[in-house]
Amino acid sequence: MDDKAFLQLKNQYNTDIAFLREAIDDLNGNLLTVGRTVKNVLNTQINAPAYPSSNLLWNGELGHSVNSWFDSSYGATDKAFECAHFFSHDGTLSGLALDPTDARTSSTNKTLKATGHSTYSSAYGKWNSENGWGEIQGIKTIDVLLPSNMIDATTPLARVSMIAAKRNAYIELTEACLMFAGIYDNTSGQRKFLSGDLGFTATLNGTPAASTIERRYKIFAQSDRGFTLLSSEVTIAAAPADGLFTSTKNISMSWKQQAGQLQVSIYEYIPSLAEYRLIKQVSSGTSYIHDGTFLTVVAGYPSSPTGTTREASFYTKTGEMTLLATNGVSLKWDTINFPIAVPNDYDKSLTTDRQWLRIGLTVAPNLLIPGVTSDGSTTITAPANVFDAEYAADFVGKTVYVYDSNETLLYTTTVSSRTNDTQIVLGTAIAAGTARIVRIVAAGFHGIVVDKVHLGYQQNTSYAPNANDFRTLQPVAAPTSSDQGGVGDGGSGGGVETGCVIGRTLIKQGDGSWQPIDKAIEGDLWASGEFKPNLVTKLKMSFQPVRRVRAANGCEVVCTDTERFVRDRSDHNGTDLFRLRIGDEVLTEINGKIETSKLLEISAFLPKKEFVFTPTLSQNRLFIAGEIKAKYSWWEFFKFMLWGKRKVGGFVLHNRKYNEEFYGF
């Protein structure tokens, strides 16, 4: 071997040794990172408090009859067919007096009743004494009188949690159907949810020049719950004229966040110009400094808002209830959390009657029945016993849509009568055919079943009897917990499930590979940055507004405002995207190595909504999602060409559900 060949071999050897040392260093770094993370998780688990028993409701669930709790002897009386303390009322949420008649002393009130009760009405919510759960009827509410007027302006959050499901597979919940819970004031003249204003302020900073004008402002808040709020007008009599704003002479604005805030539009009116302006649209903040600039001239303030005040209520998102579990079909019922923010200017002294917790729906469920047969007459036949005799009279007059198997609308008619559990008579003859699809509007009677209703002031509230529940006897029949699932986590999040990342997002698998989330199935193992991967136990899809998030090291992901990014090793629950700002540091993983990177971009909402996926994970509930979209340095490109070692990675995310603590005013 000549000297030149020997030198080439030596150089190659040294290069290989250098790469090997670098690989060993990377591996060692990964092991140290994993070790620290595991230790941190173990410390967190050791120091985590036990679930507190702080439920503030009588009984705390819909599983107990009045008789089983308050009578000294148990008997098959009417009271055995009533639910302790829970009531049902008309769905109107204003101007309606709620009936608090004690179920122990009267059998003619609106206490939840089983069908065997002498005063039962199918028009209201009912108590299923056989299974120990409540059933919501249409837009009639299920209500519980609070043991005392315990909610005031200092209450950060009234955390309501329950488990719920559709009664059967034929119940249809439309996208417009929202489920809500709220704290209601039953005082005459102010019967509505506890309320307060939007807290909108506009303050002049600095002393303007001699040339001043009057400026007036309002904000228009839009919610992903489908609601819009318009604030009162704030006037600044001597504001800077156009062109005279400076960094020290401007107007500071602030407002209170509303649940599910999508966007706050700030409007200005200048009387001397008779001109309205849209000056700014803010997606995820609660303040703005007006420097005189504006977006466009408009015709006036927005009209027809759905409200002008904040209320102590919380609604699920538009379309969210379509994802609700189905009793007897789904593995378990869904936990629905309602973190109810109490307005900080609610005046409790004006509540001279009682406070109630009210639970209900904004749109009555439908019946959606596939596989229907028509014989050319007005009679149609369903494949299952869906036309329950209990609702024979209630079916009459309901609107009916008949579709073919391709969901093409064929007929619109009404129900004339019910024949039996599988047949109804329509007002129009339907041409003979099979595999028809029939939708009966608002005929999903008692369509939502609920149980284990909790109310507490803190996360992780678990079931505990109220002090007044002095008996220990069980209800007529124990709840079917195998179907219903657990008691939930006491309102740690909002709604049924929140969206997560868009369908094409790459997720790191337990074996180190990367797969799009829309290819995932329940039972997959996902990597989490720990030795032990997470098991995917549920994966739900919804359609929501999304933003693009990009970090300085090239990690990128498209997700909803409520996706949780892990900021550092002390951030055990993750931080909602809407709380983050450009420049904040978050954790990422690149080629298996955890590193911190600053956020370079949090885009406005992208032009179109996207299908997003929300996983339910076991273990630590962390996962790695996203992709690298960064240019390679010459050294990285050289390593990639030599070893094929390209960058792969994403953000460290947490799938804990939406934490409305942000709204604890």
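Biologist: Which residue in E2 stands opposite Phe 87?

Modeller: That's Thr 111. Before we go on: this is a predicted model, where local features need pLDDT of at least 70, side-chain atom pairs count only at pLDDT 80 or more, and totals for chains, interfaces and linings use all residues. Residues are numbered from 1 along each chain as its sequence is written, and side-chain values use heavy atoms, leaving out hydrogens and water.

Biologist: What makes E1 and strand E2 a pair?

Modeller: Two strands pair if DSSP finds at least two bridges between them, and strands themselves are DSSP runs (E, at least two residues), numbered from the N terminus. E1 and strand E2 (residues 111-113) have two bridges, in the antiparallel sense, so they pass by that rule. E1 also pairs antiparallel with strand E5 (residues 141-145), over four bridges. There, Phe 87 has Asp 143 as its bridge partner.

Biologist: How much of strand E1 is buried?

Modeller: Eight of its eight residues (82-89) are. Buried means under 20% relative accessible area, exposed over 50%, and partly exposed in between (1.4 Å probe, protein chains only).

Biologist: What about the sheet that holds E15, which strands are at its edges?

Modeller: The sheet is open, with three strands in the order E11-E15-E18 and antiparallel pairing. Strand E11 (201-205) and strand E18 (287-290) are called edge strands: each pairs on one side only. Strand E15 (residues 250-254) is joined to E18 by four bridges, and Ile 251 stands opposite His 290 in E18.

Biologist: How do you know that Cys 559 is in no disulfide?

Modeller: A disulfide is a pair of cysteine sulfur atoms within 2.5 Å. A search of the whole structure finds zero of them. For Cys 559, the nearest cysteine sulfur belongs to Cys 500 and is 7.5 Å away, so the pair fails the cut-off.

Biologist: Is Cys 559 buried or exposed?

Modeller: Buried, because its relative accessible area is 0%. Cys 177 counts as buried too, at 1%.

Biologist: Why is the pair of Tyr 184 and Phe 193 called edge-to-face?

Modeller: Rings of Phe, Tyr and Trp (its six-membered ring) pair if their centres lie within 6.5 Å; planes under 30 degrees apart count as stacked, over 60 as edge-to-face, and the rest as tilted. Here the centres are 6.0 Å apart and the planes stand at 90°, so the pair is edge-to-face. Tyr 184 is buried at 0%, and Phe 193 is buried at 2%.

Biologist: What makes Tyr 391 and Phe 445 a stacked pair?

Modeller: Their centres are 4.8 Å apart with 25° between the planes, so the stacked label fits. The two residues are 54 apart in the chain, and both Tyr 391 and Phe 445 are buried.

Biologist: Which residues do ring pairs link into a cluster?

Modeller: Phe 180, Tyr 184, Phe 193, Phe 227 and Tyr 315. The whole structure has 14 aromatic pairs.

Biologist: Which residues touch the most other members of the largest nonpolar core?

Modeller: Met 179, Leu 357 and Ile 440, in a core of 58 residues. A nonpolar core is a set of buried Ala, Val, Leu, Ile, Met, Phe, Trp, Tyr and Cys residues joined through side-chain atoms within 4.5 Å. Apart from the largest core lies another, of 27 residues, including Cys 500 and Phe 613.
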